[in-house]
2 protein chains.
Amino acid sequence: MTSDTTSSSPALAPPAAPDVTVAALGEHALVERIASRARLSGPHVLVGIGDDAAVTRPERGAVEVTTTDSLVEHVHFRRDWTPLASVGHKALAVNLSDLAAMGAVPQSAFLSLILPAELTVADFDALVGGFLDLATAARVSLIGGNISRSPGPLIVDVTAVGSVRQRRVLRRAGARAGHELYVTGTLGAAAAGLAMFEAGRRRGDGDAVFDACFDHYERPDARWRVASVIARTGAASAAIDLSDGLADAARRLAEAAGLGVVVEAAAVPVDPGARAWAETAGRDALAFAVEGGEDYEVAFAVAPRQRRKFLAAARRGGHVPVTRVGRFVAEPGAWLERDDGRRNELAAGFVHF
Amino acid sequence: MTSDTTSSSPALAPPAAPDVTVAALGEHALVERIASRARLSGPHVLVGIGDDAAVTRPERGAVEVTTTDSLVEHVHFRRDWTPLASVGHKALAVNLSDLAAMGAVPQSAFLSLILPAELTVADFDALVGGFLDLATAARVSLIGGNISRSPGPLIVDVTAVGSVRQRRVLRRAGARAGHELYVTGTLGAAAAGLAMFEAGRRRGDGDAVFDACFDHYERPDARWRVASVIARTGAASAAIDLSDGLADAARRLAEAAGLGVVVEAAAVPVDPGARAWAETAGRDALAFAVEGGEDYEVAFAVAPRQRRKFLAAARRGGHVPVTRVGRFVAEPGAWLERDDGRRNELAAGFVHF
């Protein structure tokens, strides 16, 4: 954000009318609205919003982990389905999920907003508020960004930076044959939430178990807390996040290591909401959990002799369960193994583009 | 870029037909097309494209400078005016200009592309090629990014990271009364280029001096070389880039220091192309140079006793002239001073949003 934020006092007050547009307010006032509400500094921030660029002093002995991801209206979200506060939350969460998959602790973020001129300031505040609430919870300093006008969709593009000791970076490659595949949380709720939207369901239509699916789809948690604790112990040999689903993640971990992988169907922690919606709609709950995208959980490869250390770290890392869902094998390929031992090839990943 | 780039060989060959669309080729193949052509590693890159996030080891004793900026179709460029190779070039250049304004040497970049589904692969290659040619020239490693589909405009969002010693960071605040205002290069050509497009002129319509204006508008240089040499000497007390024009930059440098600034009209290095177009079109060349945006030159505040050191550093930094265009004064305000001593208030900056 190149605007000077030292000049006047921040616009904390609500806009004169809720339907004032962002175009009418102008870029500088919008930047001040953000700066007045954001955590702008942290131990490593030397220059934040208000100069030509941000300046950070990297942590001694640590390396920097950086990722970028966007949410595009009509592609990744619909404003008639998802409140803008949730869009702001998710835009940061998907990036924190990538940091989690590297074992990094989030530190700072850059927020690039491409805004339709007719967006109201109330909507802008909701969008930014959702982003900043998660940033505050994750102790992420917002130290830069950019606001442009969009002649079409609303776009939120985020770059997030985290920190980890070099020898504790969780790479995608690193599994060995015999290592076990673990995932955090439960799977399939985000895919079920999307399917429910597509089927015309809305929040409040049914019971709380359905609303939990909307929550998973719209406001994913990112697992940086548990993942960074696990990374610090060195108990995992590789990791990836589940942005494109378990099948995709398992296949990529295996391919990166020149291995194969077997996912055990009975072990997959299918989310209760996904199961409930699958029953209601006559869909396959396991498909939501294995092939569905956007769960933003993390998958780890763990050597058997590290299992105890891994599980202890996961317990210390928070209230997120971790579940063993499969194993890496020498023979290249990716399979879903049923209870009776039958194997099918794992489905391809969830396609965003 | 979360796609795995280790799987198959890069698609160096041109697409089967030039009108194959990016949607038909798919995200993974697009990422491979980029990875096959990019400088992916550098002395500080530990993990580049192909994992969940990039990992960098910051330079010892240096701080990191990070900036992000986007180019949005129909707002910042038009595909019927500007070749996509130039759009790719400019998307990186505007970010390198922000790094220049902090005195940082560029090191790495993240490229986030939001692409209309019907964009051809030939257009994609041109866009990426323009970005990568400048990245190669600037020794910038492309270490991450993201590709999304756009339901509307083509958007190129870039995050660039550079390095500088902490005590050599060029802040926006730092000028003192009596310091002089310098700029690199000549001013007004980009604004004249835009005005020429708007007047229906096209490249090749006139003389080479006009085409130079199109070049300045479409393919700005960024002044990181000279700016980083100047920063290393400590000869400048503050700096800012001219993305929003000289008037805006001078005013911001002054405001950040709680000062005023006087720009001396006769000293402004008006670009010859801007002068030629102003004469042809009956426009004011000085207005192009003072109020016009997008020159992407850098303005410096320099103490008189540092002048000799500053000029020597500028000479060592390359073939870009630096020109003294004004001075900082104790009285707050921003003025344009004519030859006869009359002063007008400086115009407001160029508005992007």
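**Exercise 1.** In this predicted model, is B:Asp125 buried or exposed? Then find which residue forms a salt bridge with B:Asp125, and state where the two residues lie.

*Solution.*
Step 1. The relative accessible area of B:Asp125 is 16%. Buried means under 20%, so B:Asp125 is buried.
Step 2. The salt-bridge partner is B:Arg33, with the closest N and O atoms 2.7 Å apart.
Step 3. B:Arg33 belongs to helix H2 (residues 27–35) of chain B and B:Asp125 to helix H4 (residues 121–137) of chain B; the pair is 92 residues apart and links distant parts of the chain.
Step 4. B:Arg33 has a relative accessibility of 7% and is therefore also counted as buried.

**Exercise 2.** Describe the interface of chain B and chain A, and examine the salt bridge of A:Asp52 with B:Arg172.

*Solution.*
Step 1. Each chain is listed with its share of the contact: 62 residues from chain A and 62 residues from chain B.
Step 2. The two chains bury about 5200 Å² between them, and 55% of that area is on carbon and sulfur atoms.
Step 3. Six salt bridges are found across the interface. Strand E3 (residues 62–72) of chain B gives the largest share of the side of chain B that touches chain A, 10 residues.
Step 4. In the salt bridge of B:Arg172 and A:Asp52, N and O are 3.5 Å apart. B:Arg172 sits in the loop between strand E6 (155–165) and strand E7 (180–184) of chain B, while A:Asp52 sits in the loop between strand E1 (45–47) and strand E2 (54–56) of chain A.
Step 5. The relative accessible area is 3% for B:Arg172 and 2% for A:Asp52, so B:Arg172 is buried and A:Asp52 is buried.

**Exercise 3.** Which side chain of opposite charge is nearest to A:Asp211, and how far away is it?

*Solution.*
Step 1. A:Asp211 is part of helix H6 (residues 208–218) of chain A.
Step 2. The nearest side chain of opposite charge is that of A:Arg203, 5.2 Å away.
Step 3. A salt bridge needs the nitrogen and oxygen within 4 Å. A:Asp211 has no salt bridge, yet is buried.
Step 4. Apart from neighbours within four places in sequence, A:Asp211 is in contact with A:Arg203 and A:Gly204.

**Exercise 4.** How exposed are the partners in the salt bridge of A:Asp340 and A:Arg342?

*Solution.*
Step 1. The side chains meet at 2.9 Å, N to O.
Step 2. A:Asp340, at 53%, is exposed.
Step 3. A:Arg342, at 49%, is partly exposed.

Key. Residues numbered from 1 in each chain as written. Chains lettered and ligands numbered in written order. Predicted model: local features only at pLDDT ≥ 70, side-chain atom pairs only at ≥ 80, totals over all residues. Heavy atoms only, no water. Helix = DSSP H or I, 4+ residues; strand = E, 2+ residues; numbered from the N terminus. Buried < 20%, exposed > 50% of the residue type's maximum accessible area, 1.4 Å probe, protein only. Lys, Arg positive; Asp, Glu negative; His and termini not counted. Contact = heavy atoms within 4.5 Å. Buried area = accessible area lost by both parts, 1.4 Å probe.
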